[in-house]
Amino acid sequence: QTLNISLSFCARFIIKRIVIEKKQIAKTMSETPRNLEGYHQSMPTIGETGTNGRDYVIIGQHADWPVAPISLTIETVGTRDVAKETHDFMCRGWALADGTYDGFVKLENDEVEVVKIQITTVF
């Protein structure tokens, strides 16, 4: 009898947790993406440029993010760490082309924010 009650309780708990998680994911995915801008560096360089690209994405001013961003994932491209620089959160080391990219920013509290990134070439 006790085992049946425990199993029933566990099953209800697990189902409730799954429903909550699905609602959180649906809310995140249905939110309007935050627009970010980034830049493709087209100027030639002298010497080695390293294994990562020279392009970067501006994540935004510190005050615009109540919870600090820790990484940026660009779909079909990859993931990079976000750095807290003097005025903005920045994500460097990309090799990107002009265009619009979909992605998400992971926050310190493990939540994610959907983003749309517009990359522009600078000369």
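In what order do the 8 strands of the open sheet run?

**View 1. The open sheet, strand by strand, in this predicted model.** Reading across, the order is β4-β3-β7-β8-β1-β2-β6-β5, and the pairing is mixed. The two edge strands are β4 (78-81) and β5 (83-84), and each has a partner on one side only. As a reminder, strands in a sheet pair up through backbone hydrogen bonds, in either a parallel or an antiparallel way.

**View 2. Zooming in on the β5 edge, where β5 meets β6.** Strand β6 covers residues 88-94, and β5 runs antiparallel to β6 over 2 bridges. Look for lysine 84 here: sitting opposite is phenylalanine 89 of β6.

**View 3. Threonine 86, out in the loop between β5 and β6.** Is threonine 86 buried or exposed? The relative accessible area comes to 67%, and since anything over 50% counts as exposed, threonine 86 is exposed. For a sense of distance, try glutamine 61: it is 25 residues away along the chain, yet the C-alpha atoms of glutamine 61 and threonine 86 are 9.3 Å apart.

**View 4. Threonine 73, a residue of strand β3.** Strand β3 spans residues 69-74. Threonine 73 has a relative accessibility of 15%, so it falls under the 20% cut-off and counts as buried. Which side chain makes a polar contact with the side chain of threonine 73? That would be threonine 79, at 2.7 Å. Skipping neighbours within four places in sequence, the contacts of threonine 73 are Gly78, Thr79, Asp102, Gly103 and Phe104.

Key:
Residues numbered from 1 in each chain as written. Predicted model: local features only at pLDDT ≥ 70, side-chain atom pairs only at ≥ 80, totals over all residues. Heavy atoms only, no water. Pairing = 2+ DSSP bridges. Helix = DSSP H or I, 4+ residues; strand = E, 2+ residues; numbered from the N terminus. Buried < 20%, exposed > 50% of the residue type's maximum accessible area, 1.4 Å probe, protein only. Polar contact = N/O pair within 3.5 Å; in protein donor to acceptor, adjacent residues only side chain to side chain. Contact = heavy atoms within 4.5 Å.
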